[in-house]
Amino acid sequence: MLRNFRRLFASIFLLGITLLFLDFSGLLSHYLSWMAKAQFLPAVMSANLIVIVVLIVSTLILGRVYCSVICPLGIMQDVISHIGGRVKKNRFRFSKEKRILRLVVLGIFVVMIICGIGSAVALLAPYSAYGRIVTNIVQPAYIAINNLLADWAEANNSYAFYKVDLWLKSISALIVAIVTLLAIGFLAWKHGRTYCNTICPVGTVLGYVAKFSILKPIIDTSKCVNCGLCSKNCKASCINVKEHTIDYSRCVSCFNCLGKCNKHAISYQRISKTKVETINQEKRNFLSMLGIMATTAAASAQEKTVDGGLAPIVDKSIIKRDTPLVPAGSQSLRNFYQKCTGCQLCITKCPNGVLRPSSELTNLLQPVMSYERGFCRPECTECSQVCPAGAIRPITRVEKSSIKIGTAVWNKELCLPLTDGVECGNCSRKCPVGAIRMVPSDKDDEKSIAIPIVDSERCIGCGACENLCPVRPISAIHVEGIEVHRFN
Amino acid sequence: MDRRNFLKSIAMTSLAAVGCKENNGAGSPIVTNGNKKELGEMTYRTTPNTGDKVSLLGYGCMRWPTIQQNGKKVIDQEAVNRLVDYAIEHGVNYFDTSPAYCEGFSERATGIALKRHPRNKYLIATKLSNFSPDQWSREASIKMYHNSFKELQVDYIDYMLLHGIGMGGMNAYNGRYIDNGILDFLLKEREAGRIRNLGFSYHGDIEVFDLLLSQNDKYHWDFVQIQLNYVDWLHAKATNKRNTNAEYLYNELTKRNIPAVIMEPLLGGRLAQLVTFLQERLKQHRPDDSIASWAFRYAGSFPNVLTVLSGMTYMEHLQDNIATFSPLDPCTEEELALLEQTALDMLKFPSIPCTNCQYCMPCPYGINIPEIFAHYNKCINEDNMPTSSRDEKYVEARRAFLVGYDRRVPKLRQADHCIGCKQCLYHCPQRIDIPKQMERINNYIEDLKQNRI
């Protein structure tokens, strides 16, 4: 019964979050983005107190249900582990807690958050790991299927589906996603929740909270016959049959053991009072840990001759920017890279091909912007609406057009009027804020060919000029990021 | 179905197919628009100078069908052969091509298809298309002229045209034909019999047209090719104030007894795709006739017209046009008035008068100009042009417009990439202000994307 409830809610969450990541139309974000915001680490990063309190309180009542119902990476492991269990039954056994390892990993993790080493944080965070798997491995397949449907729709004169560009956003992010999937998948297949109970920092924190939960699975020694079925089916390897104890810091409240016990010797209930004293020490440990988490959260607050045909178009190459570009709503580079957990939800949502995982080592897996495929369109606020970690704060359309995220820089050596003597001015015409004006290239000759001048104060860094510049592969005008975003 | 019956049915089908083939030709029914129509004799007109009997339907070889081969669009020669065979079989004998058409491959494809027929069965028209200043030299122009013979596999050309005089004004005309002595060269070729009729096609600057006609006593033009249709007859200036009405052009030719060859009778297909209410009105008058047939009958109704060119890409267009001209049923006074009203109503819509002639292409910056215009016009005709977000079907129409745009034109070839270099301006025979229209369309698209209307 309890197990079925768990499976039902877990399915809903897994499906919802996966859909949230897969959907590129932006239609589902409105209904599903709360699922990303309900994730523990993003909530801590965005100092979302309500979510933190709800998650902590529910853990204090029910145990680590977060890990088995809300965390997509946890549910994914359960699914893999379940299939593994079909092949080989009764395959788990009790193992001792690797407490030192857990605490050291957690400690390093907290230090990294405080220091703002985003890429390392992104690598370990469970929800983000799942996001990357979907973004880099599953979404391409989803888009490919969509594009087939779009072909079909086009053939039937329907506008129900439209084609989306399928492109490799970052090779490093893809490799990380594949390695994560293989490693965690293998562990889940063989050993169940090993990752959650040794590495996962969220699992460690919630594990120590769960020790004090009101409801827990408890072994009734008068009924137990020491058959060990419960332990052999515990994916968290936390049931010690010999001593009739359960390590609640590792139990993820999956309720599998309840059904497995033929004697009904395990029940999910309030713990008896006699045990309370023994865990007082642990309570103190836990409180100090919570303190660390709280401080972390606060700290991170050619000439034509014939007719027809198409001129070939060279792809734009990716420009190396001295200061990276991050979306409007990020407030500053520092804020963005400190809070971003690298889940890449914003990347899957960007309809303009602007966001992609960074390849820089310091913020590997965290997103960065570039304009060779499209520019940051004035009407779009998708990334800011979905970001669960507060790295990109929600903004409105009106705000968007006045937030300065970068400045356009003109490259005289490449500009078409000067190199080819051709009238252009596309950057000026397409600038949504009118920050680029065309002036005569020779100040003494009113009729000389016009070149662009950028009003850097007015420029918001949207990249329309860079993207629409006819010069290829490197645009004659490009956008440099700024450290701190500001309202124009 | 058992095997015997199956074989029987195959035999019946093939018999039926053979039967159809034998029945084709004059005096037999032809299916157009799903309607059977009794075919009569093709209407012919006679050239005053050489006495050629020219079919009133002329085949424009600017829009041959293409297929994808190794990721490139190439002319579908088999389809061209089929179309040419069918056309000749049904009395079409005038084929109009140019070294510039179909990315330079039209002459060759036309030559291959025609070579399969006796030389006296068809009349070839081609042009000296030395538009680019690189080709203005005497040597380059003569080379282009000789190359036409080679590509078309002929030793004489029935109708030779100076191509698109008036485009680029007097300067281009002098550069292409006078300063290099090419016009004198062509006159000599006519004397020698390698050119049977010499004429010119005209777009653009009226000064050049007037000049050439004023020198008719000297050059004796055998024919002139002009753009004529029920919009351009009186409303050519709606596209560009400097354009000239077909009425003037036609009357100037008639005065001098020079036969007119008609191009763009259908405005690149635009007069076949009218907005719904205009289509309905024409259908009410002649329910069995296609919308395109009105435009062809209109052009054919002028007695001084030698032939009406149509760039027929598909067999059904060819069949429909053959039906229209076999024989021609000239427009009545009432029908002419209806077409004039149609033209006036058409001009109320903001569609762009592009005929998809591809003269502007390739755009050096990769823009697909004709496809952008075609999409825009299609949305106007299909009423998918939301003008206000309060429109009842705004959401659907917006989606149809934007999704359809991305489907039709790859992102990198869309209007927002037009830099306004104006290199296309000189090439457009309709004198559409292409950069300005691109900007207008892009502004509209931005309005839609940003929900600003």
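**A walk through the cavities, helices and odd backbone spots**

Let's start inside: the largest cavity holds about 140 Å³ of space. Keep in mind as you look around that this is a predicted model. Rolling a probe the size of a water molecule over the atoms is what shows where empty space is left. Which residues form the wall here? The lining comes from chain B: Tyr202(B), His203(B) and Gly204(B), then Gln227(B), Asp232(B) and Ala236(B), then Asn243(B), Thr244(B) and Leu249(B), and finally Pro429(B), Gln430(B) and Arg431(B). Sorted by class, that wall has six polar, four nonpolar and two charged residues.

Now hop over to the second largest cavity, with a volume of about 120 Å³. It is lined by 16 residues, and the ones closest to its centre are Pro327(A), Cys376(A), Cys380(A), Cys383(A) and Lys400(A). The class count for this lining reads 11 nonpolar, three polar and two charged residues.

Back to chain B, and to Leu249(B), which we just met in the wall of the largest cavity. Leu249(B) also takes part in a helix contact, on the H11(B) side of the packing between H8(B) and H11(B). Two packed helices are described by the angle between their axes and the distance between the axes. For helix H8 (residues 206-214) and helix H11 (residues 246-255) of chain B, the angle is about 10° and the axes are 11 Å apart. How do the two run relative to each other? With an angle of about 10°, which falls under the 35 degrees cut-off, H8(B) and H11(B) are therefore roughly parallel. H8(B) brings Ile206(B), Phe209(B), Asp210(B) and Leu213(B) to the contact, while H11(B) offers Tyr248(B), Leu249(B), Glu252(B) and Leu253(B). In class terms, the contact has six nonpolar and two charged residues, with no polar ones.

Zooming out, chain B has 18 helices and 14 strands. Its C-alpha trace spans about 70 × 70 × 50 Å along the principal axes. A compact globule with 453 residues would have a radius of gyration near 22 Å, and chain B has 23 Å, so the two agree.

Next, look towards the end of that chain. Arg452(B) sits in the segment after helix H18 (434-449) of chain B. Leaving aside residues up to four places away in sequence, Arg452(B) touches Asn443(B), Glu446(B) and Asp447(B). Asn443(B) and its two companions in that contact fall inside the range 434-449 of H18. Leu344(B) is another matter: the C-alpha atoms of Arg452(B) and Leu344(B) are separated by 30 Å, with their positions 108 residues apart along the chain.

Last stop, the backbone. Most residues other than glycine have a negative phi, and most peptide bonds are trans. Where do we find exceptions? In chain A, Arg472(A) and Pro473(A) are joined by a cis peptide bond with omega about 0°. Pro473(A) belongs to the loop between helix H22 (464-468) and strand S10 (477-487) of chain A. In chain B, a cis peptide bond links Ser326(B) to Pro327(B), with omega about -10°, and Pro327(B) lies in the loop between helix H14 (315-325) and helix H15 (333-346). Then there is Glu264(B), not a glycine, yet with a positive phi of about 50°. Glu264(B) is placed in the loop between strand S13 (260-263) and helix H12 (276-285) of chain B.

Key:
Residues numbered from 1 in each chain as written. Chains lettered and ligands numbered in written order. Predicted model: local features only at pLDDT ≥ 70, side-chain atom pairs only at ≥ 80, totals over all residues. Heavy atoms only, no water. 1 Å grid on protein atoms, 1.4 Å probe; cavity = no way out; pocket = protein on both sides within 12 Å on 5 of 7 lines; lining within 4 Å. Points joined across faces, edges and corners; volume = space filled by probe spheres on them. Nonpolar A, V, L, I, M, F, W, Y, C, P; charged D, E, K, R; others polar. Axes fitted to C-alpha atoms, helices over the stretch in contact; angles between N-to-C directions. Helix = DSSP H or I, 4+ residues; strand = E, 2+ residues; numbered from the N terminus. Parallel < 35°, antiparallel > 145°, perpendicular 65-115°, else oblique. Contact = heavy atoms within 4.5 Å. Rg over C-alpha atoms; globule rule 2.2 N^0.38 Å.
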